[in-house]
Amino acid sequence: MFRKLFVIIYTFCLLSSSWSNQGFFQRYKKKYHQAVRFIIKNKKVFRSVLDSKEKLRVLVPVIFPELIRFSLFQNKIETTGLYLVYVPYGSRGVDFSVGYFQMKPSFVELLERLVKRNKKLNQFLKITRFSSRKVRKIRQERVNRLKILRWQLIYLNCYYEIMKLRFKS
């Protein structure tokens, strides 16, 4: 399955005009291969959370560009910024995209609200549950979750199901 995804992504990039015109592959060759290795290395987690071949086929190409852009150094700085500003003040203070898939706390907050409002999304109620009721503690836990691959996959899976409900396909 992952080899097929690799071939699909590679072929798509080769055929893409930005790929051929701007030398994308040459410019991002190392990061591209790192992203592929990351997916292969974490395939068990991907498969356990994204529990169908359809989800893998649809969602891996969605997050692949984010994996190419991912910078551990930048992620560390922006995650620290979330702890320093987002935790006490919320997403109006800062709303950095963090983690492998570059998700924002405001995106996760939106998912949480949508899950609470729609009974068809009850399988995702755990994203709305926190160890505290204090706003700052909830924000801190949300940032902690954004640092974990499994949680980002859960959020991605939740988003996929929301889009399926919204567009009914």
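**Figure 1. Lining of the second largest pocket in the predicted model.** In this predicted model, the second largest pocket is lined by Lys31, Gln34, Ala35, Arg37, Phe38, Lys41, Asn42, Leu67, Phe70, Ser71, Leu72 and Tyr100. Its volume is about 230 Å³, and helix 3 gives the most to the lining, with 6 residues. By character, the residues of this lining divide into 6 nonpolar, 3 polar and 3 charged. Rolling a probe the size of a water molecule over the atoms shows where empty space is left.

**Figure 2. The protein chain as a whole, given as the setting for the other views.** The protein chain has 9 helices and 0 strands, and from the N terminus on its elements run α-α-α-α-α-α-α-α-α. Of the 169 residues in the protein chain, 41% are buried. When contacts between residues at least 6 apart in sequence are considered, 64% of them join residues at least 24 apart.

**Figure 3. Helix 9 and the residues it buries.** Helix 9, which covers residues 149-167, has 19 residues and reaches 27 Å from its first C-alpha to its last, close to the 27 Å expected at 1.5 Å a residue. The buried residues of helix 9 are Leu149, Trp151, Gln152, Leu153, Ile154, Tyr155, Leu156, Asn157, Cys158, Tyr160, Glu161 and Ile162. An α-helix has 3.6 residues a turn, so residues three or four places apart point the same way. After helix 9 comes Lys168, whose phi is positive, near 45 degrees.

**Figure 4. The largest nonpolar core, with Phe101 as one of its members with the most contacts.** The largest nonpolar core has 39 residues, and those with the most contacts inside it are Phe46, Leu50, Phe101, Ile127, Leu153, Tyr155 and Leu156. At least two residues of this core are supplied by each of helix 3 (24-41), helix 4 (43-49), helix 5 (53-69), helix 6 (72-89), helix 7 (105-117), helix 8 (135-146) and helix 9. The largest share, 9 residues, comes from helix 9. Leaving aside neighbours within four places in sequence, Phe101 is in contact with Phe46, Ile63, Glu66, Leu67, Leu149, Gln152, Leu153 and Leu156, and of these partners Leu149, Gln152, Leu153 and Leu156 are among the buried residues of helix 9.

**Figure 5. Tyr160 of helix 9 and its partners elsewhere in the chain.** Tyr160 has its place in helix 9 and counts as buried because its relative accessibility is 7%, below the cut-off of 20%. Apart from its neighbours within four places in sequence, Tyr160 is in contact with Glu54, Lys55, Val58 and Leu59. Although Tyr160 and Val58 are 102 residues apart in sequence, they are 9.0 Å apart in space, C-alpha to C-alpha.

**Figure 6. Pro65 in helix 5, shown with Tyr32.** Pro65 lies in helix 5 and is partly exposed, with a relative accessible area of 32%. The C-alpha atoms of Pro65 and Tyr32 are separated by 8.6 Å, the two residues being 33 residues apart along the chain.

**Figure 7. Asn75 of helix 6 and Gln102 of the loop between helix 6 and helix 7.** Asn75, placed in helix 6, counts as buried because its relative accessibility is 12%, under the cut-off of 20%. Leaving aside its neighbours within four places in sequence, Asn75 is in contact with Phe70, Val98, Gly99 and Gln102; Phe70 is also one of the residues that line the second largest pocket. Gln102 is in the loop between helix 6 and helix 7 and is partly exposed, with a relative accessible area of 22%. Although Gln102 is not a glycine, its phi is positive, at about 55 degrees.

**Figure 8. Phe96 in the loop between helix 6 and helix 7.** Phe96 is found in the loop between helix 6 and helix 7 and counts as partly exposed, at 31% relative accessibility. Not counting residues up to four places away in sequence, Phe96 touches Glu78, Gly81, Leu82, Met103, Lys104 and Pro105. Phe96 and Tyr86, which are 10 residues apart in sequence, lie 8.8 Å apart in space, C-alpha to C-alpha.

Note on methods: Residues numbered from 1 in each chain as written. Predicted model: local features only at pLDDT ≥ 70, side-chain atom pairs only at ≥ 80, totals over all residues. Heavy atoms only, no water. Helix = DSSP H or I, 4+ residues; strand = E, 2+ residues; numbered from the N terminus. Expected span 1.5 Å × (residues − 1). Buried < 20%, exposed > 50% of the residue type's maximum accessible area, 1.4 Å probe, protein only. Core = buried A, V, L, I, M, F, W, Y, C linked by side-chain atoms within 4.5 Å. Contact = heavy atoms within 4.5 Å. 1 Å grid on protein atoms, 1.4 Å probe; cavity = no way out; pocket = protein on both sides within 12 Å on 5 of 7 lines; lining within 4 Å. Points joined across faces, edges and corners; volume = space filled by probe spheres on them. Nonpolar A, V, L, I, M, F, W, Y, C, P; charged D, E, K, R; others polar.
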